[in-house]
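Good morning, and thank you for making time for this short presentation. I would ask you to keep the sequence and the coordinates in view while I speak.

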Amino acid sequence: MRFGKIEYLNLLPFDVFIKKYPTPTNFKAFLGLRKSYPARLNKDFLYRRIDAGFISSIAGYDSVRKKKVTNAGIVAKGAVWSVLALPRAQKDDYQSASSNALAKVLGIKGEILIGDRALRYKLSGGASIDLGQKWWDKHHLGFSFGRLCFNQNAAFYQRLAQCFVRNPVKIPHYILKERSRQSHISSAYILDYLKHIHYRVGKKEQIALSRFYTQMRLKGIKKPMRF
């Protein structure tokens, strides 16, 4: 069971959850080996180097079509804080295909910045446009930046996702302090940030993704592909 892990603060609650969730030994052993940013995990997933993970919504399109998705995702209803367009020359973020596509769908120009780097930029007070907020303003629907998708072991991942979204996760103080040290972002700011994210992909979030995929097709935005 090869699970790919995004190394961003937005999945800190999942990191805490998965430590206690009963999984096979090989799952836990692999978990620490394949850690990266979303765009790289997209490739690993498409090339079957990993079996499952929180995959960018744009790369999860085929998984949705094949019904190889769970109801767990990375969702923002409004401002997300960690997906920004900076008032600079047009530049995609190499770490996230979904965020780059979302900016194009929304018609927003600028330098795209995501993840913990975006959080530090926002904390510094720099000017930016929050893509999560812009999507909400236009559609009044939450946007799923990622989705827990799988290539195999469907029953296991469906149970895991159900358990994760049903049970609130309390982050231990020592883990919060350690991630604060690693990310150079204060513990209080991390907790404020996590209030902007939830993890259940319900009917409204599925409608939002359908609109996103439709707009991608209309604008000729290509999704990541194996070949």
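I begin with burial: of the 227 residues in the protein, 55% are buried. Please bear in mind throughout that what you see is a predicted model.

Next, the overall dimensions. The C-alpha trace extends over about 45 × 40 × 30 Å along its principal axes. The radius of gyration is 17 Å, and this agrees with the value near 17 Å that a compact globule of 227 residues would have. In secondary structure, the protein contains 11 helices and nine strands.

Turning to contacts, consider pairs of residues at least 6 apart in sequence: 80% of these contacts join residues at least 24 apart.

As for the surface, the accessible area of the protein is about 11,100 Å², and carbon and sulfur atoms account for 54% of that area. The protein carries 42 positive and 14 negative charges, and the mean positions of the two sets lie 6 Å apart.

Let me now move to the interior. In soluble globular proteins, nonpolar side chains tend to be buried together. Here the largest nonpolar core comprises 71 residues. Which of them have the most contacts inside the core? They are Phe 3, Phe 14, Phe 54, Trp 135, Leu 160 and Phe 212. Helix α8, residues 154-166, supplies the largest share of this core, with six residues. There is also a second, separate core of five residues, among them Leu 84, Leu 113, Ala 118 and Tyr 121.

Two helices deserve attention for their burial. The first I shall discuss is α1, residues 12-20, which is mostly covered, with seven of its nine residues buried. Those buried residues are Leu 12, Pro 13, Phe 14, Asp 15, Val 16, Phe 17 and Ile 18. Note that Phe 14 is also listed among the residues with the most contacts inside the largest core.

Helix α3, residues 38-46, is likewise mostly covered, again with seven buried residues out of nine. In α3 the buried positions are Pro 38, Ala 39, Leu 41, Asn 42, Asp 44, Phe 45 and Leu 46. After α3 comes Arg 48, which has a positive phi near 60°.

That brings me to backbone geometry. Most residues other than glycine have a negative phi, and most peptide bonds are trans. Trp 81 is not a glycine, yet its phi is positive, at about 75°. This residue sits in the loop between β4 (69-76) and β5 (83-86). Is Trp 81 buried or exposed? Its relative accessible area is 15%, under the 20% limit, so Trp 81 counts as buried.

His 140 also has a positive phi, near 55°. Its position is the loop between α7 (131-139) and β8 (143-150). With a relative accessible area of 55%, over the 50% limit, His 140 is classed as exposed.

I close with three individual residues, beginning with Tyr 8. Tyr 8 is found in the loop between β1 (3-6) and α1. Its relative accessible area is 8%, and Tyr 8 is therefore buried. What does Tyr 8 touch, residues up to four places away in sequence not being counted? The list is Tyr 37, Pro 38, Gln 95, Ile 114, Gly 115, Asp 116 and Arg 179. Pro 38, I would add, is one of the buried residues of α3. Tyr 8 and Ala 161 are 153 residues apart along the chain, and their C-alpha atoms are separated by 18 Å.

The next residue is Ser 187, in helix α10, residues 187-194. Ser 187 is buried, its relative accessible area being 15%. Leaving out residues up to four places away in sequence, Ser 187 touches Leu 176, Lys 177 and Ser 180.

Finally, Gln 206 belongs to helix α11, residues 203-219. At a relative accessible area of 39%, Gln 206 is partly exposed. Beyond its neighbours within four places in sequence, Gln 206 is in contact with Arg 147 and Val 201. Between Gln 206 and Ala 29, the separation is 177 residues in sequence and 32 Å in space, taken from C-alpha to C-alpha.

Thank you for your attention.

Technical notes
Residues numbered from 1 in each chain as written. Predicted model: local features only at pLDDT ≥ 70, side-chain atom pairs only at ≥ 80, totals over all residues. Heavy atoms only, no water. Helix = DSSP H or I, 4+ residues; strand = E, 2+ residues; numbered from the N terminus. Rg over C-alpha atoms; globule rule 2.2 N^0.38 Å. Buried < 20%, exposed > 50% of the residue type's maximum accessible area, 1.4 Å probe, protein only. Contact = heavy atoms within 4.5 Å. Areas by Shrake-Rupley, 256 points an atom, 1.4 Å probe, with all protein chains shown as cover. Lys, Arg positive; Asp, Glu negative; His and termini not counted. Charge placed at Lys NZ, Arg CZ, Asp CG, Glu CD. Core = buried A, V, L, I, M, F, W, Y, C linked by side-chain atoms within 4.5 Å.
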